[in-house]
Amino acid sequence: MLTPEQIETKLDRILLKVQKPGRYVGGELNSTVKEWDKVQTKVAFVFPDIYDIGVSNVGLKILYDQINQREDALAERAYAPWVDMEALMREHGIPLYALESKQPLACFDLIGFTLPYETLYTNALNILDLAGIPVRSADRDETHPIIIAGGHSATNPEPMHAFIDAFAIGEGEEVIHDIVDVIQRVKGQRSKVNGEDLRPSTFDRNYLLLELAKIPGVYVPSFYETTYLDDGTVAQTIPIRPEAPKVVNKRIVAKLPPPPLKFIVPNIEVVHNRVSVEIMRGCTRGCRFCQAGMITRPVRERSVQEVVDAADEAVRSTGFEELALMSLSSSDYTYINELVDAISKRFEGRKLSVNLPSLRIESVSIDLMDKLKQHRTGGFTLAPEAASERMRRIINKFIPDEEIINTTRDIYSRGWTTIKLYFMIGHPSETLDDVQAIVDLCRRVIDEGRKVAGWKVKLHAGVSTFVPKPQTPFQWVACDTRENILEKQALLKRQLLKDKSIKLSWTKPEDSLLESWLSRGDRRMAEVIYTAWTKGAKFDAWDEEKKQEAWLTAFEEHGLDPAFYTHRQRRTDEIFPWEHITAAVRKSFLFQDFRQSLEGQIRVDCRLNCFACGILPTFANLRRENPGEGWKCPDVKSPAQKINIELPVVGD
Amino acid sequence: MRARITFTKQGALRYTGHLDLHRLWERAMRRAELPLAYSQGFHPQPKISIAAALPLGFSSRAEVLDVRLNEELSTQEITDKLKNSLPKDIQITQVESVEERLPALQTLILSAEYEVHLTEPVEGSDLKRKIEETKQSETLPRERRGKFYDLRPLIERLEMETDANGKHCLFMTLTAREGATGRPEEVLNALGIEPEYTRVERTKLIFKE
């Protein structure tokens, strides 16, 4: 294994040959560099995309701080090197290293990947390989780090089950400590102190994994077995060791811990140079397409005081010129007016631009943006998601056209020249009429805008393609076919691109297909991922690195049909590959919601009316132990009424 | 006031380019809560100017910038405020108050001194001969980005030293006026040394009196 000094010497030879060498050297303000030899347990957190994107990820920053606050552990960071750097690293025999100490990743006790989106899977494999760590869990032994992963994609961990030793399901703030504690106990590090060689000569890797499997919220895939029915669907996934629970329930924190204050300040330009403060976690809107809204329940809010103080402290400690107040739905934050007032007062005259994403389509949102004194050059973003009444009922995001027209007219008349509207095509049962409605709505928005603000008004329609995600009410539905998508996109292009004031963007059908294979796949997808990676697939989220061929060949080599994963309406009694993982939202609730969608029934905000999704009974004790205003679930008297819905069988 | 700050740029910061360094200083000064003066206009920018771009990969013991502040502060106050606001690879070595009406910093610079450490063994006598040849030559025609120019008049000083371990170090002073800037890697090239086997450090910037 190379020493950090040897790695640095080799790096100096190659760094001037790559784009943006500042990605690979660390040294940022607010990074934590501990003395390697004085700390017992070493953790490396990896965002498997380039530094420019990964460095501002808030989730990893939270975990990085959690670990570095411990005296007995250190946390460092690594990202995916861009292809130019990877080629030189392989040529010069440089293993992937962590930015703080320049120690090879293989020297760490624990490597934690965040997998917020599925197109990072091949990069995760590539990173393990670059680090000289066997890509498959089964090939690792006591000399290798434990590889864990978390993030939204982990709600269906099965496609990555062969490569990740353990998944952390749900929120990571507490479980990461449990994992580190187990590692210390098993490796015998806990009682040892400064100076000594802390690494025991041997420990039993399998025993360590068994101990990890006992932690609530931790899924160790090697202790489970999946069998399949003749039609190729899952028969069952069951634990093969008594230590492994039948169903792994996600972890949550009862109360949001204090937000990170000391964000890493990169020494080069990156995508987001900003302070992000999470004002609220979870969402009560219940949009049926939205995985985040289903898996991050319950809603927990931070107080106005905590948000404003944290923002102030973080802006001071970074010097960043932008502040983002993060949540899935800003308008739903209980004290949004008070928050916006307090923020504008605190930062008056400080040349800070404040970003408040995900605002509801109503004029109040414009008042909020007005108060934040935002530059009107940036455009105003709204997300209607669908444009016909029928579609809006199906997806449970019901905003009448008049509300949209009134709001957008108001935005234009108050000085914004550009509005961005986000839509999706490919919703269940969508027809060309529903897509035509997007065109008609965009035209009305522009026409009405011209009446109040003249010909300078612009509209950007971002139309992405819906992918039905696990753990949502739409997990049963099929993806729209490539042909349909192309036809719908052609309609949009034909009619919207005529108008020079309208800009249109869309997702390539190939990208949506890949996303759906990876998010909806079962354990057999692991071999497809492995083969696609060996055939050169990586950076799948990047246009210039697309390897569609590699994926199709990989499916073929393993005798799997891509359409099985994407274009098949799932039977109502189908056992999903992710059946043994739960975000505490019951399958029966999701199914009931799916049925209501077929009938065009909408459900109101569940702050107003509990629909018994399953969160409250699952976390009843946690809530009882942490009373107060934090949770936004309504009070439910009885221990949550039990909903009993018979799942209809095939052909129903 | 106009303050002049001399600082080092080492370690990881060698791979931060000129524009990014500018941005880094803006943020550092905001963190330090210095009363920055901003330009007028739609996108007000703090008035910071860095004397001379340092090529990527080089370290420096003596970079220089001027910053304009809205209030008079003592140089000690400025140093104290900035001390904890900088990444570890930048250290302030001097802060002075300069005449507001002096011309822009970039126009005051005359030349720059560099130290070049050779990281791979090189035959000393060969190198010495090449250095002498270079110094003796009347002209050194070179091409850079499609433009031909004469490197020779830009080399003001070129010496070498060898330490007890046989490691060589070159010392050069190169002209650094606008439109007439000598680059150390061009000199190394003329000497037949691969820049990737060297560590270059800028040691001094020389300004008009």
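Which residue in E16(A) stands opposite Leu382(A)? In this predicted model, the residue that stands opposite Leu382(A) is Leu421(A), and this pair offers a way into the sheet of chain A to which E16(A) belongs. The strand E15(A) and strand E16 of chain A, which covers residues 418–425, run parallel and are joined by 4 bridges. These two strands belong to an open sheet of 4 strands in chain A, in which the order is E15-E16-E17-E18 and the pairing is parallel. At the edges of this sheet are strand E15 (380–385) and strand E18 (502–506) of chain A, each of which pairs on one side only. On going from one strand to the next, the twist averages 20°.

A helix lies against this sheet: helix H14 of chain A, made of residues 432–453, packs on the sheet and touches E16, strand E17 (458–465) and E18 of chain A. The direction of H14(A) makes about 160° with that of E17(A).

The helix H14(A) also has a helix as a partner, since helix H13 of chain A (residues 401–413) packs with H14(A) at an angle of about 40°, their axes being 9 Å apart. The two helices H13(A) and H14(A) are therefore oblique to each other, and H13(A) passes H14(A) in a right-handed crossing. On the side of H13(A), the residues that make the contact include Ile404(A), Ile405(A) and Thr408(A), while those on the side of H14(A) include Leu441(A), Val445(A) and Glu448(A). Sorted by class, the contact of H13(A) with H14(A) has 7 nonpolar, 3 polar and 4 charged residues.

Elsewhere in chain A there is another pair of helices to follow, namely helix H5 (residues 121–130) and helix H17 (residues 525–534), which pack at an angle of about 65° with their axes 10 Å apart. That angle makes H5(A) roughly perpendicular to H17(A), and the crossing of the two is right-handed. Here Tyr121(A), Thr122(A), Leu125(A) and Asn126(A) in H5(A) meet Ile529(A), Tyr530(A), Ala532(A) and Trp533(A) in H17(A). By class, this contact of H5(A) with H17(A) has 6 nonpolar and 2 polar residues, and no charged residues.

We can now turn to chain B, whose domain assignment gives domain 1 (2–102) and domain 2 (108–207). The C-alpha centres of domain 1 and domain 2 of chain B lie 28 Å apart, and 10 residues of domain 1 of chain B are in contact with 10 residues of domain 2 of chain B. On the side of domain 1 of chain B that touches domain 2 of chain B, the residues divide into 7 nonpolar, 2 polar and 1 charged.

Within chain B, strand E1 (residues 2–9) pairs in the antiparallel sense with strand E3 (residues 59–68) over 7 bridges, and Phe7(B) stands opposite Glu63(B) in E3(B). The strand E1(B) also pairs in the antiparallel sense with strand E4 of chain B (residues 92–98), over 6 bridges, and in E4(B) the bridge partner of Arg2(B) is Val98(B).

Finally, the two chains meet, with 19 residues of chain A in contact with 17 residues of chain B. Helix H9 of chain A, which covers residues 304–318, gives the most to the side of chain A that touches chain B, with 3 residues. The residues on that side of chain A divide into 8 nonpolar, 7 polar and 4 charged.

Note on methods
Residues numbered from 1 in each chain as written. Chains lettered and ligands numbered in written order. Predicted model: local features only at pLDDT ≥ 70, side-chain atom pairs only at ≥ 80, totals over all residues. Domains from an automatic or database assignment. Contact = placed C-beta atoms within 7 Å. Nonpolar A, V, L, I, M, F, W, Y, C, P; charged D, E, K, R; others polar. Pairing = 2+ DSSP bridges. Axes fitted to C-alpha atoms, helices over the stretch in contact; angles between N-to-C directions. Parallel < 35°, antiparallel > 145°, perpendicular 65-115°, else oblique. Left-handed = near helix turned anticlockwise from the far one by under 90°.
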